[in-house]
Amino acid sequence: MSVNRRDFLKLAGVTGCSLLAGAPRRSEAAMASTEFYGMLVDTTKCIGCRSCEEACNEQNGLPKPEVPFSSDSVFEQKRDTSPGAFTVLNRYPNAKNPGSPVFVRRQCLHCCQPACASACLTKAMEKTLEGPVIYHKDRCMGCRYCMIACPHNIPKFEYESAFPYIRKCIFCYDRLKAGGRPACVDACPENASLFGTRRDLLEIARTRIYENPDKYVHHIYGEHEVGGSGTMYLSAVPFEKLGLRTDLGTTPYPEHTSGFLYGVPLVFVLWPSLLIGLNYLAENGNKGKNHEEEE
Amino acid sequence: MKRKNNDTGRARNALHAVREFARFLASEMKPKGKIGTPFNVITGTIIVVGIALIAIRFYLGLGAVTNLSQDYPWGILKGFNLFVGVAFAGGAYVLTFVVYIMKLKKYEPIVRVTVLNGFLAYVFYAGALLLELGRPWNVVNPIIGNSFGFSSVLFLIAWHFLLYIICEFIEFSPAVAEWLNWEKARRVVEKMTMVTVIFGITLSTLHQSGLGALFLLAPAKIHPLWYSNYIPVLFFVSSIFAGLSMVIIESTFTHKVFHDKIGNTLRASHDDILLGLAKGCIGALFAYLFLKVIEMVHGGHWDLLATPMGYWYLVEVVGFVVLPIFLFGAAIRRRSVRLVQFTSFFTALGVILNRLNVSVIAFKWYAPVRYYPSWIEIWVTLAVISMELWVFRWVINRMPVFTEHPKAAKEEIIPVAEVVRWKASAS
């Protein structure tokens with residue numbers, strides 16, 4: 001094997017550069033840690049420009065909507081996410097300040113212990129180490145149990161397709177892995193959607209409430225709801241008035257079925273032994289009866 | 001040289017046997033009896049149109065033929081075929097328990113037909129489930145894939161369905177072996193009965209309750225009167241009386257339709273059997289009612305009873321649980337088989353009501369736009385039931401389902417001979 005001078009210099013240069021460039025390595029290390037990434041939506045800062053919707057549409061290659069993203073007319077009705085729109089903005093009246101309505105984003109909340117992932121029998125829904133709940137379309141069999149299970153009604157099914165998939169926000173997982181942020185966060189001109197580790201975001205949220213106690217409702221939606229979620233909300237008006245359910249409880253959803261599932265091996269051990277025992281008794285009982293009849 | 005001749009002779013014999021067997025199967029495939037009966041015409045039309053509708057479903061997607069929506073991902077294709085159908089198929093595990101485990105010989109004449117019914121129900125309802133899946137070709141993933149969703153109740157159900165269908169087939173296979181006249185095979189599969197019965201009852205307990213446990217994951221979506229931690233137990237207990245009342249209904253029909261196929265033993269003990277099953281129904285119904293009351297006390301949703309959904313809840317519990325208990329009681333006291341049969345219909349209706357309540361009606365009861373099935377969904381459901389009836393009739397007309405096999409009957413005598421010998425040696 002012969003290494004000429006030019007190749008050696010190239011190799012040395014590449015090695016040296018990669019050693020010097022510490023930044024990407026550090027971010028890789030952060031990715032490998034179990035710190036969950038999430039998003040903080042401060043509804044008091046949102047101006048309803050729909051940049052997030054547009055960025056999401058482009059990032060995920062979704063069909064262009066009939067009403068352009070620059071139009072406000074969509075706010076006349078409450079909208080839900082759909083197979084063609086992973087995030088939608090809704091407008092709600094502001095009782096405190098009627099002049100400035102509240103805009104609330106609706107998208108996957110990326111629960112800490114997601115119901116959809118625990119419901120999926122093929123692991124098509126997966127909670128990643130980085131935080132996002134992603135979807136493996138090649139595994140999915142389209143049973144739609146994730147839709148039954150999700151407390152926020154997020155997974156949507158392509159009913160009009162012969163080869164349908166479940167569609168929902170996956171927190172721009174590819175961008176995240178490349179060290180980036182979700183497209184919607186990048187697009188937000190008002191920093192109403194913040195990206196960061198869940199721990200940092202909670203700290204920011206608490207600080208904001210602490211510093212402006214009159215401005216905010218003293219609750220971070222998503223801190224404890226159904227065991228906590230990656231996406232969290234801050235608001236000036238009560239959350240139940242923003243289309244967010246506040247009666248979901250704090251129990252992580254997988255715990256609702258874990259009791260039943262723990263019972264399964266128990267039944268598998270107890271039932272056969274009980275049945276064999278009963279059968280033995282029944283057979284002996286019959287023998288005894290035959291005896292009596294004979295005597 | 002001689003050996004080679006022998007080999008070709010054997011091969012020729014084998015080929016001959018295979019050809020004979022194929023001819024036999026072909027002849028058995030032909031329908032027996034008249035073809036143009038009203039039943040055939042009606043169900044035949046339903047099946048043909050149903051198959052066309054299923055083709056449309058696969059070509060255009062689920063949205064084209066169903067009223068399913070993003071709010072109601074599960075409709076009556078799951079609510080009826082799966083939740084109701086499987087509950088009605090529960091008769092098989094209850095009766096195998098009574099006959100093989102508890103050794104109650106009285107019910108032996110109806111075990112085979114019940115197991116057959118259970119088996120067909122699972123095959124057809126699992127089949128109907130495939131129509132309802134968005135990507136049915138991936139249905140093998142939870143079975144063979146590298147993606148086992150152990151945390152999913154549906155994963156458990158998928159596996160249990162598969163295993164239970166195999167169990168029920170083995171339980172029924174002696175009848176198949178008798179039909180084919182395969183004596184050796186019959187003895188082998190008959191020896192496996194006990195194992196499959198024990199395994200089958202265990203599997204049934206788990207997946208009957210598992211179907212209820214599916215809904216544990218939707219606490220905020222199901223009306224509080226129907227949502228409780230007891231759902232799995234309630235589903236299990238109700239599958240007992242659902243199965244038993246289905247056995248009664250089914251025997252009412254088969255007695256009329258297949259009158260000439262029914263053996264003497266069954267004909268003689270038929271009324272006794274139905275009255276006995278009715279007693280079983282009462283027990284299970286009472287346990288169910290008891291659970292419902294405990295659930296009500298624990299949940300403390302008394303105020304909700306005075307709402308429209310509450311009235312509906314009372315219709316279900318009082319009308320289809322409390323009333324059947326009294327009706328069955330009266331039927332047993334008067335030894336009225338007619339009333340037993342009527343009450344079974346009533347009870348079965350109540351089970352349909354309950355399963356549809358949990359899966360469709362009480363599900364997102366607050367939603368502004370409610371789900372109701374499209375005519376296509378109802379038609380496809382009827383087509384699945386019709387297909388099952390056809391296969392059921394085909395099997396009944398060919399295999400010894402209601403009658404005992406002459407050889408099996410002979411073997412029954414042996415223990416008696418043993419007793420005689422024992423008596424002779426004792427005296």
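This is a short talk on a predicted model with chains A and B.

Let me start with chain A. It has 295 residues, and 46% of them are buried. The secondary structure is mixed: nine helices and nine strands. Now the contacts. Take those in chain A with a separation of 6 or more. Of these, 58% are between residues 24 or more positions apart. The accessible surface of chain A is about 15,300 Å². Carbon and sulfur atoms hold 56% of that surface.

One spot on that surface deserves a look. A:Leu266, A:Leu270 and A:Leu274 make up a nonpolar patch there. Together they expose about 300 Å² of accessible area. Where does A:Leu274 sit? It is in helix 9 of chain A, residues 254-294.

Next, the inside. The largest nonpolar core counts 173 residues. Which members touch the most others? They are A:Met125, A:Tyr145, B:Phe172, B:Leu214 and B:Leu277. Which helix gives the most to this core? Helix 8 of chain B, residues 153-180, with 14 residues. There is another core, apart from that one, with 10 residues. Among them are A:Ala205, A:Ile209, A:Ile220 and A:Met232.

Back to B:Leu277 for a moment. Ignore its neighbours within four places in sequence. B:Leu277 is then in contact with B:Leu95, B:Tyr107 and B:Ile110. It also contacts B:Leu244, B:Val247 and B:Ile248. If you want to see the core from one residue, you can center your view on B:Leu277, one of the members that touch the most others.

Now the interface. On the chain A side, 54 residues are in contact with 68 residues of chain B. The two chains bury about 5,100 Å² between them. Of that area, 64% is on carbon and sulfur atoms. Which three residues of chain A supply more than any other three? A:Ile148, A:Tyr159 and A:Phe260. They account for 15% of the area that chain A buries against chain B. Charged pairs cross over too. The count between chain A and chain B is two salt bridges. One links A:Glu283 to B:Lys103, with the closest N and O atoms 3.5 Å apart.

On to salt bridges in general. Over all chains, the count comes to 22. I will pick out a few.

In chain A, the side chains of A:Arg50 and A:Glu53 meet in a salt bridge, 2.9 Å from N to O. Are these two residues buried or exposed? A:Arg50 counts as buried because its relative accessibility is 2%. A:Glu53 is at 5%, so it counts as buried as well.

In chain B, look at B:Glu178. It forms a salt bridge with B:Arg112, and the closest N and O atoms are 2.8 Å apart. This pair links distant parts of the chain. B:Glu178 is in helix 8, B:Arg112 is in helix 6, residues 111-132, and the two are 66 residues apart. B:Glu178 has a relative accessible area of 7%, so it is buried. B:Arg112 is at 19%, and the cut-off is under 20%, so it counts as buried.

B:Glu178 has another partner. B:Arg186 forms a salt bridge with B:Glu178, with 3.8 Å between the closest N and O atoms. B:Arg186 counts as buried because its relative accessibility is 0%. Step back, and there is a network. Salt bridges that share partners join B:Arg112, B:Glu178, B:Glu183, B:Arg186, B:Arg187 and B:Glu190.

Last topic: backbone angles. Most residues other than glycine have a negative phi. Two residues here go the other way. A:Asn153 is not a glycine, yet its phi is positive, about 55°. Where is A:Asn153? It lies in the loop between helix 5 (145-149) and strand 6 (156-157) of chain A. Its relative accessibility is 18%, so A:Asn153 counts as buried.

The other is B:Lys364. Its phi is positive too, about 50°, and it is not a glycine. B:Lys364 lies in the loop between helix 14 (337-361) and helix 15 (375-396) of chain B. Its relative accessible area is 2%, so this lysine is buried.

To recap: one core of 173 residues, an interface of about 5,100 Å², and a network around B:Glu178 and its partners.

Definitions and conventions. Residues are numbered from 1 along each chain as its sequence is written. Chains are lettered from A and ligands numbered from 1 in the order in which they are written. This is a predicted model: local features need pLDDT of at least 70, side-chain atom pairs count only at pLDDT 80 or more; totals for chains, interfaces and linings use all residues. Side-chain values use heavy atoms; hydrogens and water are left out. A nonpolar core is a set of buried Ala, Val, Leu, Ile, Met, Phe, Trp, Tyr and Cys residues joined through side-chain atoms within 4.5 Å. Buried means under 20% relative accessible area, exposed over 50%, partly exposed in between (1.4 Å probe, protein chains only). Helices (H or I, at least four residues) and strands (E, at least two) are DSSP runs, numbered from the N terminus. Contact means heavy atoms within 4.5 Å. Accessible areas come from the Shrake-Rupley method with a 1.4 Å probe; for residues, only the protein chains shown count as cover. Patches are made of residues with over 30% relative accessible area and no salt bridge: like charges are joined within 9 Å, nonpolar side chains (Val, Leu, Ile, Met, Phe, Trp, Tyr) within 5 Å. A salt bridge is a side-chain nitrogen of Lys or Arg within 4 Å of a carboxyl oxygen of Asp or Glu. Buried area is the accessible area (1.4 Å probe) that two parts lose on being put together, summed over both.
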